[in-house]
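Me: Please take a close look at the spaces inside this model and at what surrounds them. I would like one connected walk through, with the cut-offs explained along the way.

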Amino acid sequence: MRVALFSAKKYERKLLDELNAGHRHELVYFDTLLEPETVSLAAGFPAVSVFTNDNVDGGVLKRLAAGGTKLVATRSTGFNQIDLCAAKQLGVKVVRVTDYSPNSVAEFGVGLLLALNRKICRAYNRTREGNFELDGLMGFDFVGRTVGVMGTGKIGTTFARIMAGFGCTVIGYDVGRSPRFEELGGQYVDVATLQGEADIISLHCPLTPQTHHIVDARFLAGTKKGSLLVNTSRGGLIDTEAGIEALKSGQLGGLAIDVYEQEASLFFRDLSNTVIPDDVIQRLVSFPNVILTGHQAFFTREAVGTILDTTLASISDFAAGRPLANEIKV
Ligand code: NAD
C-alpha cells in the first residue's frame with residue numbers, strides 16, 4: 001500500500017525501511033507537518049501516517065478523503081490531534097499505537113522529577129563553569145512524600161510503581177480504576193484531596209475537552225504551597241499562563257514539562273539560530289525551577305521500535321481487510 005508519512009524524522013526512516021521488508025509497503029516520507037498548507041502532498045495515498053503535532057482536523061480530513069485516503073495511522077498513543085468524528089463521517093479509519101513501553105514515558109517523568117527536585121541541570125551547568133557552590137541546590141527526600149498521579153492508566157501506574165519504590169505514598173485521581181494501581185498500594189482520591197495532600201503531582205491523563213486545562217489557576221491555588229508539578233502527557237492539560245503566575249508567587253515550587261500547549265510550532269526541530277516569537281515559553285525557560293524538554297519521554301529504542309512496528313502492522317491489516325486491533329472508535 002502507498003503510505004505518506006508526515007513529520008518523518010531521520011531516526012524513523014532508517015528503522016521503518018528495515019521493518020518494512022516484512023510488509024512491502026511503498027513508503028514516502030515528508031519532513032513537513034500535515035496541515036492545511038501541506039495536505040495536497042497526500043493526494044492519491046490510501047494510507048497516511050502522522051505524529052503528535054500534525055493537524056488532522058475536519059478540514060484536513062475532508063481533503064485527505066477527497067484525495068483517496070482511507071486510513072490515518074498515528075505513530076503515537078495520544079490522538080488529540082485528530083478529529084475522530086469527522087474521520088468517522090468521512091469513512092476514514094484511524095489507528096494508533098495503544099501499547100508501547102509505558103516504561104519509556106514513566107521513567108523519563110521520574111528523571112525529570114529527580115532533576116527538578118535535586119537541581120541536577122543547574123548543578124551540571126555550574127560545575128562546567130568551575131562553580132562548585134551548593135547554594136540554591138537543596139532538594140528534599142522522596143521517601144515519605146505523597147505523590148498524586150492524575151490518570152492511572154498504563155503510564156500513570158508505571159510511574160506510581162517507581163515512586164512507590166522510592167518509599168512515597170501514592171494517591172491517584174482517575175475517571176476509572178486500575179486494579180494494578182491499587183495492588184501497588186495506590187489510593188484513589190478526589191481531585192481536592194489530591195491537590196491538598198500531594199507534594200508532587202504528575203499528569204498522565206489524555207488531552208480531551210474534559211481534561212483541557214485541568215491544571216488551571218483554581219487548581220494550582222488548591223495545591224500544597226511549593227509542590228512540584230510534572231507533565232509528560234500533553235501540554236494542553238496545563239494552563240501555562242496560570243502555571244507561570246503560580247511559579248512567580250511561589251505557590252508552585254517547580255515545574256518539569258516534556259510537553260507544551262503551543263509545541264506544534266516549536267518542537268521536533270532546531271530553532272537555535274532563530275528568534276523564538278513565543279514569549280510564554282521564553283518566560284518558562286527563564287525560571288530556575290522549570291525544566292523543559294521537547295517531547296522526548298517516549299524516545300527509547302524499545303518504544304520507537306514498537307511504535308513503528310505496530311504502525312506498519314496496522315497498515316498491513318488494513319490493506320488485507322483484517323480487523324484493526326488498534327482502531328480508535330468514537
Ligand atoms: P491510558 O489510556 O493507559 O491512560 C490514561 C488514563 O487517563 C486512563 O486511566 C483514563 O481513565 C484516564 N483519564 C481519562 N480521562 C480522564 C479525566 N478526565 N480525569 C482523570 N483521568 C482521566 O494512556 P497511557 O498510555 O497511560 O498514556 C497517557 C498519556 O500520555 C497519553 O494520552 C499521551 O497524551 C501521553 N503520552 C506522552 C508521551 C510523551 O512522549 N511525552 C508518550 C506517550 C504518551
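Reply: Ala, Val, Leu, Ile, Met, Phe, Trp, Tyr, Cys and Pro are counted as nonpolar, Asp, Glu, Lys and Arg as charged, and the others, Gly among them, as polar. This is a predicted model, with local features needing pLDDT of at least 70 and side-chain atom pairs pLDDT 80 or more, while totals for chains, interfaces and linings use all residues. Residues are numbered from 1 along each chain as its sequence is written, and side-chain values use heavy atoms, without hydrogens or water.

Let's start with the enclosed space. One cavity of 30 Å³ or more turns up in a search of the whole structure (on a 1 Å grid over the protein atoms alone, points where a 1.4 Å probe fits but cannot get out; lining residues have an atom within 4 Å of a point). The volume of this largest cavity is about 60 Å³ (space filled by probe spheres set on the points, which are joined across faces, edges and corners). Around the largest cavity you will find N231, G235, I238, T240, G243, L255, I257, V259, Y260 and E261. Two elements, α10 (240-249) and β11 (252-257), each give two or more residues to this lining (DSSP runs numbered from the N terminus: helices, H or I, at least four residues; strands, E, at least two). By class, the cavity lining splits into five nonpolar, four polar and one charged.

Strand β11 also takes you into the sheet. There, seven strands run in the order β8-β7-β6-β9-β10-β11-β12, with parallel pairing (at least two DSSP bridges between two strands).

E261 appears again in the second largest pocket, where it is among the residues closest to the centre, with T52, N53, N80 and A264. A pocket is an open set of points with protein on both sides within 12 Å along at least five of seven lines. This one holds about 390 Å³ and is lined by 23 residues, of which eight are nonpolar, eight polar and seven charged.

The largest pocket holds about 950 Å³. Its lining has 41 residues, and T77, H204, C205, P206 and S233 lie nearest its centre. Helices α4 (102-117) and α6 (154-165) are the elements that give two or more residues to this lining, and α6 gives the most, with three. Polar residues number 18 here, beside 16 nonpolar and seven charged ones.

Finally, let's turn to the ligand. It has 22 residues around it (a heavy atom within 4 Å), and Y100, K154, I155, D174 and T232 come nearest. Backbone polar atoms reach ligand oxygen atoms in several places (N or O pairs within 3.5 Å). For I155, the distance is 2.8 Å; for F298, 3.1 Å; and for G153, 3.4 Å. On its own the ligand has 860 Å² of accessible area, of which the protein covers 85% (Shrake-Rupley method, 1.4 Å probe).

Technical notes: Polar contact = N/O pair within 3.5 Å; in protein donor to acceptor, adjacent residues only side chain to side chain.
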